[in-house]
Amino acid sequence: MTTHRTARVSIDAMLDDLRRLVEVESPSRDVDALTASAKAVAGVIESRLGGRADLVESAAGPHVRWSGGGDPRVLILGHHDTVFPLGTLARRPFRVDGGRATGPGVFDMLGGLVQALHGLASLDDLSGVEILVTADEEVGSHSSRALIEERARACGAVLVFEGAAEGGAVKTGRKGCGTFQVAIRGRASHAGLEPEAGVNALVEAAHQVLRIAALGRPEIGTTVTPTVASAGTLDNVVPAEATVVVDVRVESADEKERVESAFAALTPHLDGAEIAVRGAVGRPPMPESASAELLAVAQQLLPGLEGTAVGGGSDGNFTAALGVPTLDGLGAVGGGAHADHEYLVVDAMAERAHLVAGLVNSIRRR
């Protein structure tokens, strides 16, 4: 089997579109910036594929949706929000040098979007293809999840254009992930005159951190990592409040349930302390079984392509959990996601664009 090509893809044209998207900064939760970014994404889609790209308004910012018409068969899934604050572009502008493109969002995941669009543009028929580019993936996809799941069910197959894993591998499995916040309330008192009159929220937090960290079972892929803590107001006051933020990753639904139940069951160690827990494993695990069929097709199209399971989550977690065949990591080859050294390998762009075209044609022939 070979990748279907009706036209060559142009690396120069892809880089032009990538520059256009990178230079419209799109930090998560900044609705004004995300509105400008969504319009830029819609403009690139329309210029390359024709038709109309609709902006779907949400509290998090606009999502972008496009359809090639006909019965839906495959969903092209991505996001246009990034983790970088406004002003990053001035410090780290878009550049192409030494075979690499750099700039905020090139790898996660604007490069993948561009490759997908140019791969689709090489096809002479786009019926059955849907595109959904969301505005809140980096912050949990709370406003987009229902739409993602609806379109995944309707299409029956999902291709996710997050950046590739190391060496260009596609992502065949992902851990479920979530964030918990443990809020502790104690009682303030003077640390010198009557410390015994207080209930030290910081001491309570220390007990809880050890209890929480012990929930991890790394031997089966479960990590429970306290990441951020705060407590206290002044150096001579027994702290009345403390918070602990915890990152959780799991590989199975059973572990998701166990960890969530353990957080719900946390009780105070100190008399008079109170504990309140918020959060959940919001992204369910993406089992490797969900990608097996599409991975086999991708490996026929691109011999030597590898697949790997990774710890980070994506919107592919949601679609795979529905039982919809999902293949992730089809986007840019590169690295440095969320970091200042983020980069995209320019020479891999055409190959990945052609892979998109071949996958879409294979899915529609099923």
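The following legends describe close-up views of a predicted model.

**View 1. Helix H2 and the elements that surround its buried residues.**
Helix H2 covers residues 31-49, a run of 19 residues. At 1.5 Å a residue the helix should span 27 Å, and its end C-alpha atoms lie 26 Å apart, which agrees with that expectation. The buried residues of H2 are Ala33, Leu34, Ser37, Ala38, Ala40, Val41, Ala42, Gly43, Val44, Ile45 and Leu49. An α-helix has 3.6 residues a turn, so residues three or four places apart point the same way. The buried residues of H2 pack against two helices, H1 (11-22) and H4 (106-121). They also pack against the strands S1 (54-56), S2 (63-67) and S6. Glycine 50 follows H2 and has a positive phi, near 75°.

**View 2. The packing of helix H1 on helix H4.**
The axes of H1 and H4 are 9 Å apart and meet at an angle of about 135°. H1 is therefore oblique to H4, since the angle falls neither between 65 and 115 degrees nor over 145. The crossing of H1 past H4 is right-handed. On the H1 side the contact involves Ala13, Met14, Asp17, Leu18, Leu21 and Val22. On the H4 side the partners are Val106, Leu110, Gly111, Val114, Gln115 and His118.

**View 3. The packing of helix H1 on helix H10.**
Helix H10 comprises residues 349-365. Its axis lies 10 Å from that of H1, at an angle of about 90°. The two helices are therefore roughly perpendicular to each other. H1 contributes Ile11, Met14 and Leu15 to this contact, while H10 contributes Met349, Ala350 and Ala353. Met14 of H1 also takes part in the contact with H4.

**View 4. A cis peptide bond at methionine 109.**
The peptide bond that leads from aspartate 108 to methionine 109 is cis, with omega near -5°. Methionine 109 belongs to helix H4. Most residues other than glycine have a negative phi, and most peptide bonds are trans.

**View 5. Glutamate 137 and serine 141 in the loop between S6 and H5.**
The loop that holds glutamate 137 runs between strand S6 (129-134) and helix H5 (145-155). Glutamate 137 has a relative accessible area of 6%, and because this is under 20% the residue is classed as buried. Apart from residues up to four places away in sequence, glutamate 137 touches His79, Asp81, Glu162, Arg283, Gly313, Ser314 and Asp315. Serine 141 lies in the loop between S6 and H5. Its relative accessibility is 1%, so serine 141 also counts as buried. Serine 141 is not a glycine, yet its phi is positive, at about 60°.

**View 6. Histidine 338 in the loop between strands S15 and S16.**
Strand S15 (334-335) and strand S16 (343-345) flank the loop in which histidine 338 is found. Histidine 338 has a positive phi of about 70°, although it is not a glycine. With a relative accessibility of 43%, histidine 338 is partly exposed.

**View 7. Arginine 100 and its sequence-distant partner valine 346.**
Arginine 100 is part of strand S5, which covers residues 100-102. Its relative accessible area is 40%, so the residue is partly exposed. The C-alpha atoms of arginine 100 and valine 346 are 5.5 Å apart, although 246 residues separate the two in sequence. Valine 346 is also in contact with arginine 100, as are Arg95, Tyr343 and Leu344, when neighbours within four places in sequence are left aside.

**View 8. Valine 203 of helix H6 and histidine 269.**
Helix H6 (residues 201-213) contains valine 203. At 36% relative accessibility, valine 203 counts as partly exposed. Its C-alpha atom is separated by 9.2 Å from that of histidine 269, which is 66 residues away along the chain.

**View 9. Cysteine 155 and cysteine 177.**
Cysteine 155 is buried, with a relative accessibility of 5%. Cysteine 177 is buried as well, at 12%. A disulfide is a covalent bond between the sulfur atoms of two cysteines. With a cut-off of 2.5 Å between cysteine sulfur atoms, the count of disulfides in the model is zero.

Notes:
Residues numbered from 1 in each chain as written. Predicted model: local features only at pLDDT ≥ 70, side-chain atom pairs only at ≥ 80, totals over all residues. Heavy atoms only, no water. Buried < 20%, exposed > 50% of the residue type's maximum accessible area, 1.4 Å probe, protein only. Helix = DSSP H or I, 4+ residues; strand = E, 2+ residues; numbered from the N terminus. Contact = heavy atoms within 4.5 Å. Expected span 1.5 Å × (residues − 1). Axes fitted to C-alpha atoms, helices over the stretch in contact; angles between N-to-C directions. Parallel < 35°, antiparallel > 145°, perpendicular 65-115°, else oblique. Left-handed = near helix turned anticlockwise from the far one by under 90°.
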